[in-house]
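User: I am new to this structure and would like a close look at a single part of it. Please take one helix, go through it carefully, and then place it in its wider setting.

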Amino acid sequence: MINFFRNIRRKLANENKFQKYFRYAFGEVFLVVIGILIALQANNWNEKRKQEAQFKTTLEQLYNSIAFDVQKFESDFNWIGTQIKFIDSILDHKNSLNKHNLPYLIYGTAYNQLVFFNSETPYHAQNLNFNINDKSQNEIAKQIINYVNDIDKNPNVIVDRMTPLAMKYNIAFPKFNTNSRTGGFSNDSLYYDEEDYKNAFNLINSKEFETIARQLEAELVFSNTTIFNRYQNGKSILKLIKTYNPDVKILYYDVGIIGTSIDGFDDVGAKSTPMALSDIENDIWELNIFLKAGKVKFRCRDSWSQNWGSNNFPKGVGLRDGYDIDIPEAGNYKIIFKPVTGEYEFIKQKD
């Protein structure tokens, strides 16, 4: 095409037809400019497509990490609510409490599971490359940045004044469940004696305990308000991301089950028994297995960083870092678990 115009230009110049020469020269320049503009537009479109693809990839990673955060916030909110009930129970019913429960109630107000929180969201957020000219991407990025700045403040560490006070009254720390990281206290009826129960009643009837308990309750209420706000913010961002990219979903890998109903927990070197992904679209995992009477939990990648449990059987909704699930009766079970919602069910099979 260029040679064609060049030949015409040369012929017109030789014939001194400058007006026609100018027209053809202008036309040639115009076509070149149009070609450059089309090439630039195509390049811009390709760069925008690549940027959006990268944005969606990082966004899916953030969607997953924030979903895990939300589960953790829900678990913490419920646990702190339980601690507040412990304090109210001791302060309002101190003379009618079961003595065998009293040491666990006292130390239950001090046990802080919030230290286990380690969000991956800040790591993924630093890789979020958004288009400043895209209003939707800007809004999502702004919300995520505000969310990350908030959870990085970490104001939830509460000073434990209850343990030193209990130690002062010679009440030993409860026996801890070593089977799993999130197992909590192990209720051993032989662990405490009558002297311990007497000391516990003396403790809760002291003015020092009442002062510390009321201060602790105020701190727990404040902390729970912060956690609930983070829970709500996380859910709002998840909805925002889902609106931007309806195809985004939570991804789980290597889901398994572990516990004394199978081969034990980590304390005996047991590993998770893998479950099979039976429904990719709805993220449903299944397993047919013989279970002994005991306890189990769900987890991913043979690690406690993502684990679910509950105190309901045969079905319920598992919470992140929740209780071990009690299996009351041995038998063959079909286990169904949905990590996205935490829903699970143990279906006992006929022998």
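Analyst:

**A close look at helix 5**

In helix 5, the residues that are buried are Gln137, Ile140, Ala141, Ile144, Tyr147, Val148 and Ile151. Around the axis they cover an arc of only 130°, which puts them on the same side of helix 5. The background to such a pattern is that an α-helix has 3.6 residues a turn, so residues three or four places apart point the same way. The other side of helix 5 carries Lys135 and Lys153, and both of these are exposed. The length of the helix can be checked as well: helix 5 runs over residues 135–153, and its 19 residues, at 1.5 Å a residue, should span 27 Å, which agrees with the 28 Å that separates its end C-alpha atoms.

All of this is read from a predicted model, and the same caution applies to what follows.

Helix 7, made of residues 194–204, can be read in a similar way, since its buried residues are Asp196, Tyr197, Asn199, Ala200, Leu203 and Ile204. Seen down the axis of helix 7, these buried residues fall within an arc of 160°, so they line one face of the helix. On the face of helix 7 turned away from that buried side lie Glu194 and Lys198, which are exposed.

Two single residues elsewhere show the contrast between buried and exposed positions. Glutamine 306, in strand 6 (residues 303–309), counts as buried because its relative accessible area is 10%, and buried means under 20%. Leaving aside residues up to four places away in sequence, glutamine 306 touches Phe68, Tyr252, Phe298, Arg299, Cys300 and Arg301. Isoleucine 38, by contrast, belongs to helix 2, which covers residues 18–92, and isoleucine 38 counts as exposed because its relative accessible area is 54%, where exposed means over 50%. Together with Val33, Ile34 and Leu37, Ile38 makes a nonpolar surface patch of about 330 Å².

As for the wider setting, the protein chain has eight helices and 11 strands, and buried residues make up 41% of its 351 residues. Among the contacts between residues at least 6 apart in sequence, 72% join residues that are at least 24 apart. The accessible surface of the protein chain comes to about 19,700 Å², and 54% of that surface belongs to carbon and sulfur atoms.

Conventions
Residues numbered from 1 in each chain as written. Predicted model: local features only at pLDDT ≥ 70, side-chain atom pairs only at ≥ 80, totals over all residues. Heavy atoms only, no water. Helix = DSSP H or I, 4+ residues; strand = E, 2+ residues; numbered from the N terminus. Buried < 20%, exposed > 50% of the residue type's maximum accessible area, 1.4 Å probe, protein only. Contact = heavy atoms within 4.5 Å. Areas by Shrake-Rupley, 256 points an atom, 1.4 Å probe, with all protein chains shown as cover. Patch = residues over 30% accessible without salt bridge, like charges linked within 9 Å, V, L, I, M, F, W, Y side chains within 5 Å. Salt bridge = Lys/Arg side-chain N within 4 Å of Asp/Glu carboxyl O. Expected span 1.5 Å × (residues − 1). Arc of directions from axis to C-beta.
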